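This report looks at how a protein meets a strand of DNA. Please view the sequence and the model before reading on.

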Amino acid sequence: MAKKNKLLLIDGSSVAFRAFFALHNQLESFKNRNGLHTNALYGFHNMIEKILKEENPTHALVAFDAGKTTFRTEFYPEYKAGRAKTPREFTEQMPYLRELLKGFGIYYYELENYEADDIIGTLSAQADEKAFDVVVVSGDRDLTQLAKDNVKVDITVKGVSETKTYTVESIKEEYGIAPLQIIDMKGLAGDKSDNIPGVTKIGEKTALTLLQEYGTVEGLYEHIDDMKKSKRKENLINEKETALLSKKLATIIKDAPLAITLNDLVYNGPDTKKLIDFYKEMDFKSHLNRLDTSELEETLEANRSDIQFQKVTILTDEMFKDNQSIYVEMLTDNYHTAQVVGISWGNEEKIYACEPEVAFHSDIFKKWAEDGHSKKKTFDSKRTYVALKHHGIELKGVVADLSLEAYLLDVKDNSSDLAAIAEEYDYFDVATDESVYGKGAKRKVPEDKEQLYAHLARKIKAIAILCDQLMEKLEENQQTELFTDIELPLANVLADMEMAGITVNSKRLEEMKGEFAEKLQELEQKIYAEAGETFNINSPKQLGVILFEKMGYPVIKKTKTGYSTAVDVLEQLQDQAPIVAYILQYRQIAKIQSTYIEGLLKVIDKKTGKVHTRFSQTTARTGRLSSVDPNLQNIPIRLEEGRKIRQAFVPREENWRIFASDYSQIELRVLAHVSDDQHLKEAFIEGQDIHASTAMRVFGLEKAEDVTPNIRRQAKAVNFGIVYGISDYGLSQNLGISRKEAQQFIDTYFEKYPGVKQYMEDVVREAKDKGYVETLFHRRRYLSDINSRNYNLRSFAERTAINTPIQGSAADIIKVAMIQMEKALKASDLRATMLLQVHDELIFEAPEEEIETLEKLVTDVMEHAVALSVPLLVESDNGKSWYDAK
DNA sequence: GATCTCACG
DNA sequence: ACGTACGTGAGATCC
């Protein structure tokens, strides 16, 4: 049986208007790159998408109002008068609404002298005759008069993607009348929004009562004489003309002279190409990404120009010149272990690709790659550098790195997929890796090798074109130096550190594993005994049931999905619940066991006994590095049991040492510098204990001896809070004090450090004006929520505005130090090697006899990497393992 | 894949 | 009246 016809009729004008005001409070965040507002388009889009999915219509139309004058204004010029002027921000979106509808493949129509309602009413009647199902969508409740057995009317509520459905039954239920009587109701009660007058003193309620008795306006006047004398009766009689006029105004026409028929409205689904173009134009990135990727790919594929490249097996001098791009393809993330599957290079005009072995065995390739005078562009230079280095080729002359450039321009653009970055800059002539290689277990080089090389060739072209574009943008942002002098050279420094790797004593880890396994078993038994049953302690869900249902302990905090069993909660239960201490111990050890012992053992290179982390240079929004696979930036130190893990991190040779240097209070020093607060600066210049100094000022203590450990702890928490963008709540939680007390601390702090207060106000103000904040070296972070009407989002953005320049400038500083450090080590005859960076510290390994020299060198480099208005202070230690280096 | 928890600065 | 400290990565569970 054929599918039943279903006609979708949308009142475009009213829905668009509703969408505009529904997202009005976010008006300024809905803008495309040309400054066009897009909130109404966005809301309208989502409504259509939802309704199409729900209703699956065979026919569809969006009707618009044609203009201000209609047949209604002819006989009643005041109709819809007195409305506020349509905002310009709304009007400017209307032409694009039509583009959107073309994308959806939905016909739209407007008719001179008629309103959208009348088009809908007419088509609804026609469809009704042909036994279609009809769905009407509008933001205007007038349309409910069209409801019939096979016609339902969806009226938008709150936003626009949510609707309330009116049917014959539901209208009966809600108003006690039939849909057509809605017109009579308007006749009597009028409608303020449309400036339909109605009868004096009659509102919706009264009108409904009257209609229940008399049926229609006409019916009412037929029986008006039966009505007992009243002011209301008088009004009704006096205003009969008005009532009839009002009814006429409210009546939707069912025979408008349309130039279209139902057959014109057949709905065949969206035109993906047009939809994609629309999304791009509007910067609707989430929609772009959400589109069925295969569909998207197909469309983009169809649009993609042929790529000219040469697949070569013999490399010649002519193929290599200055200013080319190079790309080394690997299908897995970890470039330390990945296999290279293809190599491509060239410039915009001429592109080459070859099998890895061809390049690896070519002296010509090696000579070019290692020639520092031969400038090269890349996408992820660290990855490229390491891959080549594994094959004895030391890549030099890199002057551009698309991945890093995109990250500096916007820290959100940190995808490892070149196509995703390219798309951000409206470059679509390159496929995503997923579309070429597949994902997950199915990821592989395509059967047809031609496809692989064509893909690599497209990457070269994209790198060639986009690197130049992005470099220009960096220059506009004053970020050229950040890129050229810091991030790009740092990539090589990090590559060397990663490749050096750090030696891990797996025997030591295995020993610990055994000990911890025993402890875990003991704790497990104790927990089961207390609980009276066995369960999975690692499952917060099961643990929650045991603690809060079976054992009946009070629920202190909830998560989205159930009871919270986090440390702070468990600690509060400790006194009344003996089981909790065991659970806390179990958690602690289980964490060490799984993450640090088993996790680390898994990634040790069997041959060399080393682990090679990867430092991500494009992950952290503040400009910090991150470390993955394994993460060597979160090796335990705070608690002794975990700290022992560090005993397994040892130098690569006998009689060498692990040497560690860390910046003392770098973030507070940065704050002193950027805020130019006299008192904070003074404390650092005079070499005071900063937390004690804060304690004395904030708590009004005269002598250093008055600073008790507890007072110092509180001051330290305040200092941390300041750096994080303090809130009374956060500080109160941290210190276990009341919000009021916390607020008192903050107030006093700001009184005593007015420069800091001023800085915070300034940086937030600037963020609100410019939409981003910057570090000392012009690292930039956009804060899209900084002007949000949503308190939470805005507050978060404000704290971020305060924290990012501090955390990010500290990151800048240590990066500079690392670059200088590697240079200094190379220039010296030291064998010492830089191995790790942990945000404010650098870890080295070095022969015992070099330690003294190394300490001087590292201290000097780190302390003088950048000149601030306060000194930078570095503290160092060394030992036979990382554990022993303090 | 989302959620929770916890390790670090 | 709102519900938060800033920045990360990884393992285990559960759907």
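## Contacts with DNA strand C

In this predicted model, a polar side-chain atom of Ser626 lies 2.6 Å from a phosphate oxygen of DNA strand C. Two further polar contacts, pairs of N or O atoms within 3.5 Å, are set beside it in the table.

| Residue | Partner atom in DNA strand C | Distance |
|---|---|---|
| Ser626 | phosphate oxygen | 2.6 Å |
| Tyr791 | base nitrogen | 2.8 Å |
| Gln807 | sugar or linking oxygen | 3.1 Å |

Among the elements that give two or more residues to the surface near DNA strand C are strand 16 (626-628), helix 33 (728-735) and helix 36 (791-827). Helices (H or I, at least four residues) and strands (E, at least two) are DSSP runs, numbered from the N terminus. Helix 36 gives the most to this surface, with 7 residues.

A residue is near the strand if one of its heavy atoms lies within 4 Å of it. Of the 35 residues around DNA strand C, those that come nearest are Ser539, Lys541, Arg621, Ser626 and Tyr729. The residues of this surface comprise 9 nonpolar, 18 polar and 8 charged; Asp, Glu, Lys and Arg count as charged, Ala, Val, Leu, Ile, Met, Phe, Trp, Tyr, Cys and Pro as nonpolar, and the others, Gly among them, as polar. On the DNA side, 65% of the strand C atoms within 4 Å of the protein belong to sugar or phosphate, and the rest to bases.

Residues are numbered from 1 along each chain as its sequence is written, and chains are lettered from A in the order in which they are written. Local features need pLDDT of at least 70 and side-chain atom pairs pLDDT 80 or more, while totals for chains, interfaces and linings use all residues; side-chain values use heavy atoms, without hydrogens and water.

Key. A polar contact is a pair of N or O atoms within 3.5 Å; within protein, one must be able to donate a hydrogen and the other to accept it, and residues adjacent in sequence count only if both atoms are side-chain atoms.
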